[in-house]
Amino acid sequence: MTLSASSLNDAATQATQSDLFAPMQLGPLTLANRIVMAPLTRSRAGAADVPSEMAIEYYVQRASAGLIIAEATQVSAQGKGYVFTPGIYSADQVQAWKKITDGVHAAGGRIFLQLWHVGRISHPSLQPDGALPVAPSAITPAGQAYTEDGFVPLVTPRALATSEMPEIVQQYRSGAENALAAGFDGVEIHAANGYLLDQFLRDKTNQRTDAYGGSIENRARLLLEVTAAVVKVWGGDRVGIRLSPLSTFGDIADSDPQALFSYVVEQINAYKLVYLHLIEGDTGGSRELPGGFDPQILRRLFKGAYMANNGYDRQMALDARTKGSADMIAFGRPYIANPDLVERLRIAAPLNQPDPATMYGGGAKGYVDYPALNCV
Ligand code: PHB
């Protein structure tokens, strides 16, 4: 692929004039630019949910991102919902993650870990002792679980007892402590995409009658308790949160997402979180949804940095900075296939396209073999 000298010049001028490619301060961290690698499940962890050696190379290849948010990582064995996803609840996992964070730091990068509990999006074959997955309410999600036997229907989960809630908070607390021991720069609380914390937030999946269900205040209680516990470990200036207010991913919905998520954002301001990472629209899908609301409403309510995600390309990212509609832009799928995405965006180079066949599971192919520009 060749780029004409004049188009390269135009792109370079545009890039120089935008602060998208310039350093920014995120709490105590100086990021090299405002481009973020979004968390991406790649399903390549080894036995006992230990990240693979190959993950070191994969993340180091992507260290020119201003910030890497490592893939969703279960805070407990119970929090697992797919085969081959990594954990952050054992010494072996911490040791493996430490090699990854050391590698990224040596390459000049910054890396957060995304703390994950899938709740009902799991299957007994993935759970300790073949237990039922847990959820706010015993409501069967539509969809399939990805297990060792391939795709199987999701099952009816077990509703958590009120007395079990401190144990759930404890799982996030220990995940946060382990992430600190593993050398991460911070953590992202995964409260998006229909997983456990999102299941509690939304009234389609939370039909509890205790202090964790019913009103918006009650449905937000678990998330706020988890946030308090994680912030106690890390300090708010190294904790971000990911929300997907309009997403239907994981068979989820809410009768009044604008009121719910406005409340959530107002409440989390008390913890001085460093960023709000928002999936604008449907996860990996449309940015404009019927009955939706403008994500800028949440952006204006939030006191920290606003990280925008979902279907951004180079021009949209540049425009977002010109308009000031986002502080950082997180790219997901483009990061699968473009380890040097920052450089490609800077000069408006063509992007490699990801191969859907190797997105989840497998080995090096489609993981660490996407070429950077200088080796095309
Ligand atoms: C996935 O495994 O497809 C997945 C994981 C975490 C997300 C979204 C999708 O937040």
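Buried means a relative accessible area under 20%, exposed means over 50%, and partly exposed lies in between. The model discussed here is predicted.

Q: Why is Thr73 called buried?
A: The relative accessibility of Thr73 is 0%, and the cut-off for buried is under 20%. Thr73 therefore counts as buried. The residue belongs to strand S4, which covers residues 67-74.

Q: What makes the link between the side chain of Thr73 and the backbone oxygen of Glu71 a polar contact?
A: The side chain of Thr73 reaches that oxygen at 2.7 Å, and a polar contact requires a pair of N or O atoms within 3.5 Å. The distance meets the cut-off.

Q: Which residues does Thr73 contact, leaving aside neighbours within four places in sequence?
A: They are Pro86, Gly87, Ile88, Trp97, Leu113, Gln114, Leu115 and Trp116. Contact here means heavy atoms within 4.5 Å. Trp116 is also among the residues around the ligand.

Q: Which other residues are around the ligand?
A: Besides Trp116, they are Thr41, Tyr82, His190, Asn193, Tyr195, Phe249 and Tyr360. To be listed, a residue needs a heavy atom within 4 Å of the molecule.

Q: How do you know that Thr41, His190 and Asn193 offer polar contacts to the ligand?
A: A polar side-chain atom of Thr41 lies 3.4 Å from a ligand oxygen. For His190, a side-chain N or O atom is 2.7 Å from an oxygen of the ligand. For Asn193, the corresponding distance is 2.6 Å. Each value falls within the 3.5 Å limit. The ligand alone exposes 280 Å², of which the protein buries 86%.

Q: Where does the ligand sit?
A: The ligand is in the largest pocket. To sit in a pocket, a molecule must have more than half of its atoms within 2 Å of the pocket's grid points.

Q: Why is Val152 called buried?
A: Val152 has a relative accessibility of 19%. The limit is under 20%, so Val152 counts as buried. Val152 is in strand S8, residues 150-153. Not counting residues up to four places away in sequence, Val152 touches His123, Gln144, Ala145 and Thr147.

Q: Why is Glu167 called partly exposed?
A: Its relative accessibility is 44%, and partly exposed lies between under 20% and over 50%. Glu167 therefore counts as partly exposed. Glu167 is in helix H4, residues 165-181. Between the C-alpha atoms of Glu167 and Arg242 there are 22 Å in space, with the two positions 75 residues apart in sequence numbering.

Q: Why does Asp340 count as buried?
A: Asp340 has a relative accessible area of 11%, and buried means under 20%, so the term applies to Asp340. Asp340 is in the loop between helix H11 (333-337) and helix H12 (341-347). The side chain of Asp340 makes a polar contact with the side chain of Arg344 at 2.8 Å. Asp340 also touches Pro371, Ala372 and Leu373.

Q: What is the phi of Asp49, and is the residue buried or exposed?
A: Phi is positive, about 60°, although Asp49 is not a glycine. Asp49 has a relative accessible area of 7%; buried means under 20%, so Asp49 is buried. Asp49 lies in the loop between strand S3 (35-37) and helix H2 (54-61).

Q: Why is Ala348 called partly exposed?
A: Ala348 has 31% relative accessibility, and partly exposed lies between under 20% and over 50%, so Ala348 counts as partly exposed. Ala348 is in the segment after H12, and phi of Ala348 is near 60°, a positive value in a residue other than glycine.

Methods:
Residues numbered from 1 in each chain as written. Predicted model: local features only at pLDDT ≥ 70, side-chain atom pairs only at ≥ 80, totals over all residues. Heavy atoms only, no water. Helix = DSSP H or I, 4+ residues; strand = E, 2+ residues; numbered from the N terminus. Buried < 20%, exposed > 50% of the residue type's maximum accessible area, 1.4 Å probe, protein only. Polar contact = N/O pair within 3.5 Å; in protein donor to acceptor, adjacent residues only side chain to side chain. Areas by Shrake-Rupley, 256 points an atom, 1.4 Å probe, with all protein chains shown as cover. 1 Å grid on protein atoms, 1.4 Å probe; cavity = no way out; pocket = protein on both sides within 12 Å on 5 of 7 lines; lining within 4 Å.
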